[in-house]
Structure formats: C-alpha cells, structure tokens
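Me: I'm new to this one, and I'd like to learn how to read it. Could you walk me through a few features?

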Amino acid sequence: MNPHVDSSTSAGTATKHATITARSRRVPVLIVGAGMAGLASSIMLSKMGIDHLVIERRRGVHGLPKAHILSAKTMEIFRQLGLDEKVYRAGGPVETISRFNWMTSLAGPTPLHGREIGHVDAWGGGDDVVRYSAATPSTYTNLAQIQTEPLLNEEAGRLAPGRVRYGQELLGLTQNESGVTAQVRDVADGAEWTIEADYVLAADGGRSVGPAVGVEWIGERDLGHILIVHFSAQLHPWIKDPRTGITIFVSPDNMEFGMWGGALVKMGPHRWGTDAEEWVVHVASPPGIPQDEAVVVETIRKTLGIADLEPVIHSVGRWRVGGSFAERLHVGRVLLLGDAAHQHSPVGGLGANTAIADAHNATWKVAQVIKGHAHPSLLRSYHDERHPVARNVVAQSSAALMRHTSEIARVIEGIEPGAGGWSAFERFYARTPEGEAMRAEMARAFDEGNYGVRMLGVELGQQYDSGAVVSDGTQAAENPDPAVHYIAQARPGHRLPHAWIDRAGTRSSTIDLAKLDRFVLVTDPAGRGAWLQAIAKAAERVDLPVELVTIGTGGDYEDSMGNWAQLSGLRLGGALLIRPDSFVGWRTPTVPEESGRELTRVLLSLTGQGEKPDAG
C-alpha cells in the first residue's frame with residue numbers, strides 16, 4: 001500500500017513542504033474532502049505558504065454536475081487567486097445564463113405544451129447589469145462542478161504536488177491540546193494509516209468529521225430526493241432564447257411528486273447558446289425508483305415533452321435535498337466548511353459559492369495562527385462570522401424553492417395532474433379578460449418576487465460581527481430587502497466596496513488590494529507619512545505583515561471614478577484596514593492622535609491577542 005501517490009499530473013511548487021513518509025505523517029493542516037471547498041482551501045493555503053494534506057474518499061475527480069453557477073463573489077476570490085481568466089475561458093458567458101424561465105414543457109401534443117409561463121432576469125443580466133457592474137468587478141459564469149473541480153485540482157496539484165490524495169477514507173478523528181489525529185483507510189487495498197495535524201478543515205459534506213467531533217444539525221436534512229441526469233442532445237429546435245440558462249417545468253403531465261416538474265440546466269461545454277451540446281435534467285425521484293438507461297431516457301422525454309428525443313446519457317445520480325446547517329462550525333482544532341456546514345437546495349446557486357467563501361474566511365485565519373501572527377482564539381471568529389451566513393443561505397434557498405411554484409399555483413388556480421390541470425392553463429393562456437389579467441398578475445409576481453437568481457445582497461452584503469472586526473461605532477445602512485439589494489459600505493465587518501482605481505494607466509478594482517498573506521491599510525496621500533510611522537510603531541509589538549496603499553492624486557492609485565472617498569467614508573488622512581478575505585477589519589475616518597498606539601491595539605485585537613479598542 002502506498003498512501004502517498006500523487007493523483008495530480010502537474011509539476012512545480014510555490015511552497016516548501018514538510019516530508020510526509022510512511023513513518024511520519026504530520027502536517028500543519030489536514031483537509032478532509034476534495035470538493036469545491038477542499039480544493040479551494042488547498043490552493044489558498046499553498047498561496048500562503050502553509051503545508052497541508054488533502055484526503056478524499058472518492059477515487060478521482062468526478063461527481064455529479066450539481067453546482068454550476070459561479071457567482072460574482074466567487075469570481076472575485078478566483079481573481080485574487082489568479083484563476084478567474086482560466087475559469088471564464090472554460091465557462092459560459094453571463095449573457096447565456098441571464099434569463100431564468102418557467103414553462104409547461106419544451107414540446108408536446110397540444111398547443112398548451114411548450115408554452116412559457118414567465119421569466120425573470122438572472123445572475124446580473126438584463127435590467128440588473130447596471131447595479132451588478134456597480135457593485136463588483138466580476139461577472140457570473142456557468143461552469144458545472146464536474147468541470148470546475150478538475151480545474152481546481154490541477155491548480156492545487158501544481159502548487160502542492162503530492163498533497164491531494166484520492167481514494168483515502170477518514171475512519172476516525174480525535175483531538176487534544178497538542179493536535180488532531182486522523183485514522184485513514186486506503187479504499188483500494190484496505191490498508192490503514194494515521195495523519196497528525198495541527199488543524200483540520202472539514203470539507204467532507206458532513207459525512208465523517210462533524211459526527212466525530214459531536215456536531216449536530218439544525219433544520220430539515222431530508223426534504224426530498226432528486227434524480228440528476230447529465231446528457232447530450234440537440235435541443236435548439238425547442239429552445240429559442242440563447243439567454244436562457246435554466247428552465248423550470250410546471251406541467252399536469254409531471255406531478256407525481258408535487259407541482260415542481262423538473263429543471264433543465266445548460267451545460268455547454270463548447271457552445272453556450274440554444275445549440276449547447278450538453279444539458280442536465282433534475283427531477284424529483286424518491287429512493288427505490290430504478291435508474292436503468294431506459295427508465296432514465298423516458299424520464300428525460302417526459303420532463304421535456306419530446307417523445308422521440310434520443311439523448312446520450314453521460315451520468316446518472318441521486319442526491320438528497322436538505323435545509324439545514326451545523327450547530328457549530330468551530331470545534332477545537334476543527335473548522336467545518338461547505339456542505340459540512342450547510343446543506344440546502346440548489347436554488348440560488350448558494351452551495352458551492354458559499355463553500356468557497358467559507359474557505360476564503362477559514363484559511364487566512366488558520367494560516368496566521370500557524371505562522372505565529374495570531375492567537376488560536378482567532379479561529380472562534382470563523383463560527384461567529386460564517387454561522388449566520390450558513391443560516392441565512394439555508395433560509396433564502398428554501399424560501400426561493402417554495403416560491404418557484406407557490407406563486408404559479410396562486411395565480412393559476414386549479415393546477416392538478418391530468419386534464420383538470422390543463423384546463424387551468426387553458427384559462428391562463430386564453431385571449432380573454434380573465435386570461436389577460438392572470439398573465440399580467442403572473443408577470444408582476446415574477447418581476448417583484450425573489451426566486452433566488454437576483455440575490456446580490458445575500459452574496460455581497462454579509463455583515464460580520466466577531467473578534468476579527470473592530471467596530472467604528474457606526475450603524476449599517478438600512479436595507480429594505482437585504483436578500484436582493486446590496487448597499488456598498490466600508491463599515492467594519494462588511495466586504496470592501498468595489499471602486500475602479502488606476503495605476504500607471506492600468507485599471508484595477510479596490511477588491512484587488514486585498515492580499516491573502518497580509519493586511520492592507522488604505523489611506524490617501526496626505527496620510528501616508530503618519531500611517532507609515534504607525535505601522536512601524538505597531539511592528540514593535542505585533543508580528544503581522546501590514547502593507548500601506550494610498551488612493552488619490554499623487555498616491556499609489558488614482559481614483560478613476562472619483563467615488564472612493566464617498567464609498568470609503570474616509571476624510572483627510574483617514575484609513576481603513578482590509579483583511580486578507582477583502583472584508584474591512586477596522587476604519588478610522590481621520591488620523592488618531594496616537595495612530596501607532598491605536599493601530600497596535602487594533603492589530604492585537606483582530607488577531608486574538610488583545611482587547612478590542614473602543615468604538616468611535
């Protein structure tokens with residue numbers, strides 16, 4: 001048995017690694033799970049020079065194409081990692097997923113089949129282009145999990161050769177004051193081995209690490225089961241709008257397991273319009289229903305309403321829909337990420353995107369602790385910051401899932417299996433005053449409702465309140481709809497607002513100022529001298545890398561749009577401190593009288609080494 005075979009074919013490294021042999025298997029960080037959160041964590045730790053090991057019970061990079069929407073926030077993170085352009089090249093342009101619609105089917109035997117019920121703009125497209133582009137330098141893209149994971153695996157292997165191990169199953173885990181011990185089994189030959197680590201990042205979907213450390217779940221873990229089929233077919237004769245990325249079906253022909261009749265998702269991978277080569281169908285399917293090819297093909301035909309379709313089946317799987325989150329995300333030396341922390345429906349595209357944001361939050365904190373720049377108590381802030389996010393994404397996804405069909409049922413009364421249900425649709429599509437009124441009400445409901453595809457507030461508007469944030473005494477701006485609307489503010493605990501800045505003719509975003517391995521202090525040219533002295537003073541007590549950046553005329557960057565002062569809330573000489581994950585850790589509108597002493601107190605507080613400074 002050789003538990004140390006490298007699954008990656010890439011070479012090269014950016015990190016000095018400790019030796020891992022059959023006799024010595026100790027690493028600073030063990031990552032359990034090589035999905036989106038686990039692989040992203042590996043890349044981030046490598047970028048920060050932290051040795052680690054990733055174990056995954058699957059034998060290779062594969063899985064179901066469940067997640068596919070990569071959000072603007074995720075693309076901001078990939079931008080920091082230098083991966084955004086590679087992902088954009090592989091994925092579908094935002095224009096090809098900018099419409100989300102509901103239909104009775106794609107085709108069928110009557111004029112009521114193949115009809116659109118309604119649509120909404122999605123993922124920053126259509127009427128949302130302006131508000132999204134003002135909020136972020138990045139756009140969404142469509143790249144399925146089965147396409148994204150190999151890309152992340154390649155990068156993880158390039159940065160840390162030999163550190164991603166497939167076919168390794170976690171059997172048990174214990175921890176004490178000195179570290180964590182994991183028992184692992186090679187699934188190929190059954191041989192067992194041991195890994196010792198300082199910290200564990202659990203990205204295993206909640207299968208093993210959470211139960212081992214006694215974490216319970218809050219909410220419903222079994223809301224239903226979904227059959228997911230990845231197939232190739234030419235659907236362009238029935239799909240007319242190249243903007244459509246996802247279609248939800250509501251049909252009296254497909255109501256065996258409820259009103260939701262399935263979903264069709266565009267997969268590319270080379271063409272992204274109506275002529276896309278690959279697709280995924282999701283349909284409700286309780287356990288026990290056969291998954292042989294004949295049954296699967298008939299399921300696709302019935303869902304789409306195309307009786308003679310000849311799809312080429314690539315993969316078939318089943319997954320459980322939940323609506324729950326872990327009660328704790330930090331237990332001793334263990335942090336829970338991704339599906340190990342929150343499980344919910346795919347509505348809203350919040351699963352993989354939230355998982356990558358979890359990794360972004362957890363890894364810089366673990367890295368700073370391992371490097372001796374922060375006290376282990378900093379890790380408590382991971383739970384304090386990401387647990388409210390986990391609770392919120394579960395609530396938002398579950399509510400949007402119900403809204404997908406509840407509004408249709410409210411407007412088109414009488415939808416039921418069979419002929420009676422089609423009668424309801426006949427009234428809806430009729431050229432009568434009643435039909436016109438129903439269609440107008442349906443359009444209004446789609447326009448005003450939150451169906452999970454326009455949740456910029458959920459994505460960018462998170463507010464952290466933890467030991468890794470020092471309050472400035474201000475209150476968050478009022479937001480009447482925090483799920484849909486995002487209000488840019490540089491208040492501590494918020495994501496740094498996006499503004500375009502210019503350096504020697506090259507445009508970048510303020511988001512680009514964040515660096516994984518350090519804090520960045522931003523001021524204007526007038527404050528440069530005072531804050532350089534403050535950083536030097538703080539360095540006498542705090543072993544923490546801090547970089548100074550100035551924005552304004554004569555500074556490191558020019559304010560391209562002239563809106564940085566308003567967005568930042570800073571006056572002459574004021575400063576704000578950007579954390580490695582692009583969140584604001586602290587802000588002072590002007591230079592304090594004892595700036596060195598104040599910055600020292602702030603840095604000690606943010607890293608768990610001192611009391612919080614007074615707000616205000």
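Reply: Sure. Let's start with a term: a residue is called buried when its relative accessible area is under 20%, and exposed when that value is over 50%, with partly exposed in between. Keep in mind that this is a predicted model.

Me: Okay, let's try that on a helix. Which residues of H15 are buried?

Reply: The buried ones are Ser595, Gly596, Glu598, Leu599, Thr600, Val602, Leu603, Leu604, Ser605 and Leu606. That makes 10 of the 12 residues of H15, so the helix is largely enclosed by the rest of the structure.

Me: What do the buried residues of H15 pack against?

Reply: Two of the elements sit at 519-523 (strand S21) and 528-539 (helix H13). The others are strands S22 (546-550), S24 (573-578) and S25 (584-590).

Me: How do I check the length of H15, residues 595-606?

Reply: Count 1.5 Å a residue, using one less than the number of residues. For the 12 residues of H15 the expected span is 16 Å, and the end C-alpha atoms are 16 Å apart, which agrees. Just after the helix, look at Gly608: its phi is positive, about 75°.

Me: Now for charges. What is the idea behind a salt bridge?

Reply: Side chains of opposite charge can pair when their charged atoms come close. The cut-off here is a Lys or Arg side-chain nitrogen within 4 Å of a carboxyl oxygen of Asp or Glu. By this rule the count is 35 salt bridges.

Me: Which residue does Arg454 form a salt bridge with?

Reply: Its partner is Asp128, and the closest N and O atoms are 2.7 Å apart. The two come from distant parts of the chain, 326 residues apart: Arg454 is in the loop between helices H11 and H12, and Asp128 in the loop between strand S5 and helix H4.

Me: Are Arg454 and Asp128 buried or partly exposed?

Reply: One of each. Arg454 has 21% relative accessibility, so it counts as partly exposed, while Asp128, at 1%, counts as buried.

Me: Where do Glu169 and Arg185 lie?

Reply: Glu169 is in strand S8 and Arg185 in strand S9, so their pair ties together parts 16 residues apart in sequence. Their salt bridge is 2.6 Å, N to O. Glu169 is partly exposed at 26%, and Arg185 is partly exposed at 25%.

Me: Which residues are linked in a network of salt bridges?

Reply: Try finding Glu407, Arg410, Glu441, Arg444 and Glu448, which are joined in such a network.

Technical notes. Residues numbered from 1 in each chain as written. Predicted model: local features only at pLDDT ≥ 70, side-chain atom pairs only at ≥ 80, totals over all residues. Heavy atoms only, no water. Helix = DSSP H or I, 4+ residues; strand = E, 2+ residues; numbered from the N terminus. Buried < 20%, exposed > 50% of the residue type's maximum accessible area, 1.4 Å probe, protein only. Contact = heavy atoms within 4.5 Å.
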